[in-house]
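Subject: Structure for your review

Dear colleague,

Here is the structure I promised to pass on to you, with my notes on what was found in it set out underneath. Please read them with the coordinates open beside you.

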Amino acid sequence: MTVNHKQIEKNLRYLELLSQSFPTIAAASTEIINLQAILNLPKGTEHFLADLHGAYPAFQHVMRNASGNIRRKVNDLFGNELRECDKRELCALIYYPEQKLELVKQTEEDIADWYHITIHQLVKVCRDVSSKYTRSKVRKALPQDFSYIIQELLHERTEDTDKVAYIKGIIDTIIDTGRADDFIKTICEVIQRLVIDKLHILGDIFDRGPGAHLILDMLETYRDWDIQWGNHDMLWMGASAGNDACICNVIRLCLRYANLTTLEEAYGINLVPLATFAMEHYGNDPCTEFIPKTSGGSEKLSEKNARLTAMMHKAIAIMQFKVESQVFHRRKEWNMEDRDLLSQIDFERGILRLDGKEYPMTSCNFPTVDPKNPIALTAEEEDLMQRLHTSFTTNEKLTKHIKLLLSHGCMYNITNHNLLYHASCPLNDDGTLKEVELYKGKKYKGKELMHHTGMLIRSAYQSDTTPEERQYCIDYFLYLWCGPDSILFDKSKMATFERYFLEDKATHKEEKGNYFKMRDNEAVVDAILDSFEVEGPNRHIINGHVPVHASDGENPIKANGKLMVIDGGFSQAYHKTTGIAGYTLVYHSRGFQLVQHEPFTSEEDAVRTGSDIISTTQIVEMTAHRMLVADTDIGTELKRQVADLQELLYAYRHGFIKEKR
């Protein structure tokens, strides 16, 4: 890099500030050497997951095994040195050290010998997964108790005959002092932590499965992650912000999938008033359409509880249709007033008027609906809605989790030549970017649309937002959930009402937007990437949202490899239609690997038998040379820092700035 006097004079104020951190030529030079060395390390491994939908056991296992990355490393390291069953046992130990140790101690005759062999194996794995990081970064990942010991073991080689006794002495002492179990647990956790450098979640932590709160609790302590919000996340964020339609939708979905654990146990939402209201008004209604779906990891209900759940389900669904319709009429600019279907019912004939046609309804028992004013809440519903509103907006744990999503999330992310978002980038019929109207008639498309939508979401939680704007922002959560041009939905309609009350399947169809019709078109994908200013010869869009029907032969890799869909149905509720249990994506220094997973059985099986999620790895794209930190976004930033430090060196050596010895 060439530095001159004019450049230094221009940046002198900044260089003075930089000199506070690097007060001497020696300090600046040392940092340049350090940064240049980091640039030549292999690129860290990125892990992409989408549409977790409360499937905590499967999520936890995929995090522990790094989408099969740990098993691959164990195979590479030990090859034919270990039998398959031994490699499987070692992997199970790394995934679940505490549980596996208990089993081993029940059956192992010479536990000291087992400790010796196992610790050596674990150190070998840990040395491999830490090899692409600086010693400083590895040191920061180590827990204080065993930090020094692990560092010594990682950086000493058994081939060094002078150190054999030294290493053996360390391991002997760990065992003799009764710390072997603690050490093994610690080093297994370190391996899990280091095998993945960065975690990207492409939306939809909430709904369907019962473990969303557990996933968020786990993420709260995770080292480095980000999220691109999904439509189901947006629903819960809207509920927390005080959108009554979102509150009703959240409760309805939990009841539909018999997932009361998340509401009642995780967040302490009191559903007794809803149950009392439902029994009073729907006690004589069979509520056939509202019998909960009890697959997908949901609670197994007795006949009595299933009946009560169905009544509550119907009660909250009717309230949802009313509250949604009120918002649609208030926000006429959304052009969604036609989704007020309660007003299209002929209650005497049991007929729904829809798109100029009449359809017989499966039932027409609506004791809380006034045919003269169908979307008005009754006094009891108003009271119930207010109670639920308070439960959500003042909920301490939910607020904490929503703040976590806000602090780590946004609508999109661009990282290492990859554009990440949950669902869609709205398009016109000709494949060009579609303008979508936001607050006060302002229209945006592509990157600007996603940016300003994200700003709207944040404004709903800001105290300095005007009351009028804040109300719009809160209302807009509903549009993001079900609006035709929503970047998180992008369909003609959400046919919830039709699926409940009309038998004609044609009315259930939700026409997908142009993005989903054209996302296999390479030119369209290139145009989207151009609009977001994503550069590089190997650039991609990565998103989830729509389950990939692998059993029907659908390919998650589209547009000649430039777009990847990684929602294969993590939630058990999708397994029958997708035929698999989700996709995850791993991006390491050699390239991309798409991992297709079979359903996860249980933690107990993984511990007892060493069973793992059966995964199929598909090579998406491999690079001709091993990617280094220099090839990443972090590398670009480090190069800028090196250039700044070189300017500082020039300033020191030519007397612009004095060293601070």
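In this predicted model, Glu46 stands opposite Tyr587, a residue of β15, and the strand β15 (residues 583-588) is joined to β1 by 3 bridges, with the two strands running antiparallel. On another side of the pairing pattern, β1 also pairs with strand β2 (residues 198-201), here in the parallel sense and over 4 bridges, and within β2 the bridge partner of His47 is Leu199. Both faces of β1 (residues 46-49) are covered, since Glu46 and Phe48 on one side are buried, as are His47 and Leu49 on the other. Tyr587 appears again in a contact with a charged side chain, for Lys43 lies over the face of its ring at 3.9 Å from the ring centre. A second arrangement of this kind involves Arg223, which lies over the face of Tyr222 at 6.0 Å from the ring centre.

A separate sheet is made of 3 strands, which form an open arrangement in the order β4-β5-β6 with antiparallel pairing. The strands β4 and β6 stand at its edges with a single partner strand each, so one side of each is left without a neighbour in the sheet. Between β5 and β6 the antiparallel pairing extends over 4 bridges, and Leu352 stands opposite Tyr359 in β6.

The loops that follow two of these strands bring us to the aromatic residues, of which the structure holds 25 pairs. In one of them, the rings of Phe347 and Phe366 have their centres 6.2 Å apart and their planes at 90 degrees, so this pair is edge-to-face. Phe347 lies in the loop between β4 (345-346) and β5 (351-354), while Phe366 lies in the loop between β6 (357-360) and α19 (379-393), so the pair ties together parts that are 19 residues apart in sequence. The two residues are not alike in their accessibility: Phe347 counts as partly exposed at 23% relative accessibility, whereas Phe366 is buried, with a relative accessible area of 7%. Another edge-to-face pair is that of Tyr412 and Phe532, with 5.4 Å from centre to centre and 70 degrees between the planes. Tyr412 lies in strand β8 (residues 412-415) and Phe532 in the loop between α25 (522-531) and β12 (540-543), so that this pair ties together parts 120 residues apart in sequence, and both Tyr412 and Phe532 are buried. Phe347 and Phe366 also belong to one aromatic cluster, in which they are joined by Phe290, Phe321, Phe497, Tyr500 and Phe501.

Turning to the cysteines, the count of disulfides comes to 0. The sulfur of Cys287 is 14 Å from the closest cysteine sulfur, that of Cys364, which is too far for a bond, given that a disulfide needs the two sulfur atoms within 2.5 Å. Cys473 is likewise in no disulfide, as the nearest cysteine sulfur, in Cys246, is 13 Å away. Cys287 counts as buried at 0% relative accessibility, and Cys473 is buried too, with a relative accessible area of 1%.

One residue that may repay a look in the viewer is Leu263, whose place is in helix α16 (residues 260-266) and which counts as buried at 0% relative accessibility. Leaving aside residues up to four places away in sequence, Leu263 touches Trp236, Val250, Ile251, Cys254, Gly268, Ile269, Leu271 and Phe392. Of these, Phe392 is 129 residues from Leu263 in sequence, yet the two are 9.8 Å apart in space, C-alpha to C-alpha.

As for the protein as a whole, its secondary structure comes to 28 helices and 17 strands. A compact globule of 661 residues would have a radius of gyration near 26 Å, and the protein has 28 Å, which agrees. Its C-alpha atoms fill a box of roughly 95 × 75 × 45 Å, taken along the principal axes. Of the 661 residues, 56% count as buried, and among contacts between residues at least 6 apart in sequence, 71% join residues at least 24 apart.

With kind regards

Definitions and conventions. Residues are numbered from 1 along each chain as its sequence is written. This is a predicted model: local features need pLDDT of at least 70, side-chain atom pairs count only at pLDDT 80 or more; totals for chains, interfaces and linings use all residues. Side-chain values use heavy atoms; hydrogens and water are left out. Buried means under 20% relative accessible area, exposed over 50%, partly exposed in between (1.4 Å probe, protein chains only). Contact means heavy atoms within 4.5 Å. Rings of Phe, Tyr and Trp (its six-membered ring) pair if their centres lie within 6.5 Å; planes under 30 degrees apart count as stacked, over 60 as edge-to-face and the rest as tilted. A charge sits over a ring if NZ of Lys or CZ of Arg is within 6 Å of the ring centre and within 35 degrees of the ring normal. Two strands pair if DSSP finds at least two bridges between them. The radius of gyration is taken over C-alpha atoms; the globule rule is 2.2 Å times the number of residues to the power 0.38.
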